[in-house]
Amino acid sequence: MSARILDGVKLANEIKAEVAEEVRQLAEAGMRPGLAAVLVGHNPASEVYVRNKVKTCEQLGIYSEKITPDESVSTEEMLALVDELNHRDEIDGILVQLPLPKQVDAKKVLLAVSPEKDVDGFHPMNVGYLSTQRPGLVPCTPAGVMEILKRGGIPVAGAEAVVVGRSDIVGKPVAMLLLNDNATVTVCHSKTRDLPGVCRRADILVAAIGRAGMIAPDFVKPGATVIDVGINRVTDPAEFREFFAGDPKREADFAAKGSTLVGDVHPKVAEVAGAITPVPGGVGPLTIAMLMSNTVKAATSNATSRRTASCIVITSAFGARNLLSLVALNADDSCVGDREREQIPRFATATW
Ligand code: GUN
């Protein structure tokens, strides 16, 4: 039996179409979402990722800026840049592409990003919101994994979920999201005893280790759903044959490019699993789609907070009695849209 393929390209296109519609409505109300992508240095993979992120912004109508500080940038200069972006109203989301050069303290830089603009969901404030089930910005790849399960019709509540890998960016947040959706979650790592045995318990197995083809068929319960987060480039012909011997499409790809991509899951797992994400074309496309979705989410809540803040200023400066006349005054202000004007009294009530 061959597993059902969970097509990430198709699901990402669905999400991007939904996001594009939200962007259109926000832009119509004068609140076009904006993303700043900061790329330092010339890491080829990072250059491709950032190029794709900016291109997707353009496709969806999101304003974007690619900022490329010099490779020799200091931590202090990065902090100053993030501070400037934190204060710019047209920038709703800030993405600092990782890895950063060695001389930059990446943790300090990520901590400086305003949690409201942290579209990567890496800020400790957003990590805390996720673990306490409060609304916040969720890391894009884990959010994409959950969309694949949801849109792929895979039940999560009550399922045994095993996550292999405990990174801050994927393993831990995906485990938290699965837990929040009522799965019974086990997180495995390099010190886990009997890894194949633990993985075989899984109804949902998420592989996020960064090791080509490590999850072998005997790690998988027949019929399980397997989500492969890994993207590993294979260049060694012997390794290539171990994964793809007898696959004419892959052989042609490898012959043409001298490399091919393989996930953390061995391709033969597709003969055991019930459903599986391919590599490429599985989780990868969802990561960018969720970044776009997070940017719209940030734009919506940033606009709400800006408006609430201005209501606090006007109501506390002039007293609540005069609020309605001030709302009327605001109505003459060309930078306030009809939809926003309607909201002002509501926000004022909520603020008080
Ligand atoms: N580098 C690799 N993946 C990511 C990601 O999801 N976000 C950022 N900012 N950098 C990365």
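## An exposed asparagine

Let's start with one residue, N182, which counts as exposed because it has 12 C-beta neighbours inside 10 Å, and a residue with 12 or fewer is called exposed. You will find N182 in the loop between α7 and β6. Its backbone is worth a look too: N182 is not a glycine, yet its phi is positive, at about 70 degrees.

D194 makes a good companion to look at next. D194 sits in the loop between β6 and α8 (195-199), and its phi is near 50 degrees, again a positive value in a residue other than glycine. With 9 other C-beta atoms within 10 Å, D194 is exposed.

## The chain as a whole

Now step back to the full picture, keeping in mind that this is a predicted model. The protein chain contains 13 helices and eleven strands. Of its 352 residues, 41% are buried.

How much of the contact between residues at least 6 apart in sequence joins residues at least 24 apart? In the protein chain, that share is 71%.

## The six-stranded sheet

Both loops described above touch on β6, so to speak, and β6 belongs to an open sheet of six strands. The strand order is β1-β11-β8-β7-β5-β6, and the pairing is parallel. At the edges stand β1 (4-5) and β6 (184-188), each pairing on one side only.

Strand β5 (residues 160-164) runs parallel to β6, and five bridges join the two. To see one such pairing, look at V162, whose bridge partner in β6 is T186. Helix α7 (residues 171-180) packs on this sheet, where it touches β5, β6 and β7 (204-207). The direction of α7 makes about 170 degrees with that of β6.

## The three-stranded sheet

In general, strands of a sheet pair through backbone hydrogen bonds, either parallel or antiparallel. Here is another open sheet, made of three strands in the order β3-β2-β4, with parallel pairing. Its edges are β3 (63-67) and β4 (93-96); each has a single partner strand, so one side of each is left without a neighbour in the sheet. On average, neighbouring strands of this sheet are turned by 15 degrees against each other, direction ignored.

Strand β2 (residues 34-38) pairs with β4 in the parallel sense over four bridges. Within these strands, A37 stands opposite L95 of β4. Helix α2 (residues 44-60) packs on the sheet and touches β2, β3 and β4. Compared with the direction of β3, that of α2 makes an angle of about 160 degrees.

## Around the ligand

L95 turns up again when we come to the ligand. Which residues are around the ligand? They are L95, V96, Q97, L98, D120 and C140. By type, this shell divides into four nonpolar residues, one polar and one charged.

## Two cis peptide bonds

L98, one of the residues around the ligand, is also part of a cis peptide bond: the bond from L98 to P99 has omega near 0 degrees. P99 lies in the loop between β4 and α4 (106-112).

A cis peptide bond also joins V279 and P280, with omega about 0 degrees. P280 belongs to the loop between β11 (275-276) and α11 (283-318), and β11 is one of the strands in the six-stranded sheet.

How values were computed
Residues numbered from 1 in each chain as written. Predicted model: local features only at pLDDT ≥ 70, side-chain atom pairs only at ≥ 80, totals over all residues. Buried ≥ 20, exposed ≤ 12 C-beta atoms within 10 Å, placed from the backbone. Contact = placed C-beta atoms within 7 Å. Near = placed C-beta within 6 Å. Nonpolar A, V, L, I, M, F, W, Y, C, P; charged D, E, K, R; others polar. Pairing = 2+ DSSP bridges. Axes fitted to C-alpha atoms, helices over the stretch in contact; angles between N-to-C directions.
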